[in-house]
Amino acid sequence: MLEPIATAPVDPAAIPQRTLYTGAIMPAIGLGTFGSDHVTAAEIAEVVKGAAAAGYRHFDCASVYGNEAEIGNAFEKILRGGIRREDLWITSKLWNDKHDEDDVIASCRQTLTNLRLDYLDLYLVHWPFPNFHPPGCDVTSRSPNAKPYIHENYMKTWRKMEELVDMGLVRHIGTSNMTIPKLKLVLRDARIKPAVNEMELHPHFQQPELFRFVLDNGIQPVGYCPIGSPGRPERDRTPDDTAPTDDPVIARIAERHGIPPAVVCIKWAVQRGQTPIPFSVHHYRANLEGIVGDPLTDEEMRSIAAIDRNCRLIKGQVFLWKEGQTWEDLWDVNGEITPL
Ligand SMILES: NC(=O)c1ccc[n+]([C@@H]2O[C@H](COP(=O)([O-])OP(=O)(O)OC[C@H]3O[C@@H](n4cnc5c(N)ncnc54)[C@H](OP(=O)(O)O)[C@@H]3O)[C@@H](O)[C@H]2O)c1
């Protein structure tokens with residue numbers, strides 16, 4: 001017998017919403033579902049059910065997380081428990097080895113089968129590089145067939161993403177891990193423009209220019225690693241990385257509000273105008289409650305704006321395509337797409 005998912009501790013109607021350029025409404029916080037190689041698919045599926053019961057309605061999935069079948073099982077139970085499909089916002093992502101024109105639609109169909117859904121609210125191209133690397137691989141791993149961003153090829157993938165919208169399999173399409181010069185080209189050439197750009201965003205990596213650019217172009221920024229991803233895999237750690245939750249400014253604000261530093265990061269994200277997708281096994285309820293609690297003051301928001309350290313945590317080294325490069329080459333730091 002299924003437990004009905006009844007009154008949630010946080011009323012989903014009280015959760016701030018984002019309006020996309022299509023007029024669709026997306027909850028301004030989602031639950032991340034990447035287990036960072038140490039939380040099992042079964043555990044995450046349990047968290048998804050618990051999070052829906054707590055009031056979450058937005059879930060950030062991806063085929064490469066290797067847990068969509070288990071999460072699909074959880075979605076089925078959530079829907080049978082009485083939450084309507086139209087009240088959920090479900091995102092998934094096309095993995096890098098499926099950019100070929102012949103692979104995009106099949107890959108999305110596989111995700112829909114795994115998630116036990118008829119449609120996705122949002123489907124993202126996970127990375128702009130079509131490079132395969134095995135899940136859980138080391139930071140030094142390189143694909144022998146690694147390729148840089150080639151706009152013509154990206155648009156071939158994008159045309160298939162557009163077809164998914166035409167087919168009714170996805171409601172919106174979007175980008176992830178993009179830069180301003182790459183997005184300018186996509187905006188120029190897309191028939192259906194991206195509704196969302198998913199990007200790393202936390203108080204130590206605020207990406208002010210890209211953040212402004214996407215908003216100015218009617219694209220909603222969804223922020224990953226909103227807490228600074230304290231549980232991220234070893235391959236995504238370097239000695240220079242900093243943790244926003246250790247920042248004295250965040251600590252002082254946390255103390256003033258009587259909440260954990262991580263919740264300050266989530267509140268800041270929602271108030272700034274991005275949609276954070278924190279992953280959490282143990283704190284998801286506190287993170288949701290945080291965004292409906294007392295807001296950060298303007299002065300607190302200004303003091304967090306001042307602690308940006310341009311500290312990118314997910315550098316993407318495995319996507320480098322030739323010898324002698326550094327991870328900065330993936331991110332067009334000079335304002336132009338890094339040449340082949
Ligand atoms: N598009 C992309 O390329 C991309 C890249 C990376 C991530 N993502 C997405 O973004 C999601 C979030 O990123 P992430 O998981 O790397 O980082 P994150 O959400 O910043 O951090 C998650 C970690 O923070 C801890 N945490 C959460 N809430 C907390 C709280 N209130 N107090 C203390 N600790 C707390 C969690 O621990 P507990 O589990 O113990 O609560 C977990 O270890 C992913 O799950 C994934 O869906 C997308």
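**Figure 1. Contacts of Pro276 in the predicted model.** This close-up comes from a predicted model. Setting aside neighbours within four places in sequence, Pro276 is in contact with Ile29, Gly223, Pro226, Ile266, Ala269 and Val270. Pro276 itself lies in strand β10. Pro276 is buried, because 27 other C-beta atoms lie within 10 Å and the cut-off for burial is 20 or more. Gly316 follows 40 residues away in sequence. The C-alpha atoms of Pro276 and Gly316 are 20 Å apart in space.

**Figure 2. The open sheet and its edges.** The sheet is open and has 8 strands. Their order is β3-β4-β5-β6-β7-β8-β9-β10, and the pairing is parallel. Strands β3 (31-32) and β10 (275-276) stand at the edges. Each has a single partner strand, so one side of each lacks a neighbour in the sheet. Pro276, shown in Figure 1, belongs to the edge strand β10. Strands of a sheet pair through backbone hydrogen bonds, either parallel or antiparallel.

**Figure 3. Strands β3, β4 and β5.** Edge strand β3 pairs with β4 (residues 58-60) in the parallel sense, over 2 bridges. Leu31 stands opposite Phe59 of β4. Strand β4 also pairs with β5, again in the parallel sense, over 3 bridges. Here Phe59 has Ile90 of β5 as its bridge partner. Strand β5 is mostly covered, with 6 of its 6 residues buried.

**Figure 4. Helix α3 against the sheet.** Edge strand β3 has a single partner strand. Helix α3 (residues 101-115) packs on the sheet and touches β5 (89-94), β6 (120-125) and β7 (170-176). The direction of α3 makes about 140° with that of β5.

**Figure 5. Strand β8, enclosed.** Strand β8 covers residues 196-200. Since 5 of its 5 residues are buried, β8 is largely enclosed by the rest of the structure. Which residues of β8 are buried on each side? Val196, Glu198 and Glu200 are on one side, and Asn197 and Met199 are on the other. Both faces of β8 are therefore covered. In a regular strand the side chains alternate between the two faces of the sheet. Strand β8 pairs with β7 in the parallel sense, over 3 bridges. Ser176 has Glu198 of β8 as its bridge partner.

**Figure 6. Helix α8 crossing helix α9.** Helix α8 spans residues 261-272 and helix α9 spans residues 284-292. Their axes come within 9 Å and cross at roughly 45°. The helices α8 and α9 are therefore oblique to each other. Their crossing is right-handed. On α8, Val263, Ile266, Lys267 and Val270 make the contact. On α9, Ala286, Asn287, Gly290 and Ile291 meet them. The residues of this contact divide into 5 nonpolar, 2 polar and 1 charged. Ile266 and Val270 are also among the contacts of Pro276.

**Figure 7. Helix α1 alongside helix α9.** The axes of α1 (residues 41-54) and α9 come within 10 Å and cross at roughly 30°. The helices α1 and α9 are therefore roughly parallel to each other, as the angle is under 35 degrees. The crossing of α1 and α9 is right-handed. Val47, Gly50, Ala51 and Ala54 of α1 make the contact with Tyr284, Arg285 and Leu288 of α9. The contact residues divide into 5 nonpolar, 1 polar and 1 charged.

Key:
Residues are numbered from 1 along each chain as its sequence is written. This is a predicted model: local features need pLDDT of at least 70, side-chain atom pairs count only at pLDDT 80 or more; totals for chains, interfaces and linings use all residues. Axes are lines fitted to C-alpha atoms, for helices over the stretch in contact, and angles run from 0 to 180 degrees between N-to-C directions. Helices (H or I, at least four residues) and strands (E, at least two) are DSSP runs, numbered from the N terminus. Angles under 35 degrees count as roughly parallel, over 145 as roughly antiparallel, 65 to 115 as roughly perpendicular and the rest as oblique. A crossing is left-handed if the near helix is turned anticlockwise from the far one by less than a right angle, and right-handed if clockwise. Two residues are in contact if their C-beta atoms, placed from the backbone, lie within 7 Å. Ala, Val, Leu, Ile, Met, Phe, Trp, Tyr, Cys and Pro count as nonpolar, Asp, Glu, Lys and Arg as charged, and the others, Gly among them, as polar. Two strands pair if DSSP finds at least two bridges between them. A residue is buried if 20 or more other C-beta atoms lie within 10 Å of its own, exposed if 12 or fewer, and partly exposed in between; C-beta atoms are placed from the backbone.
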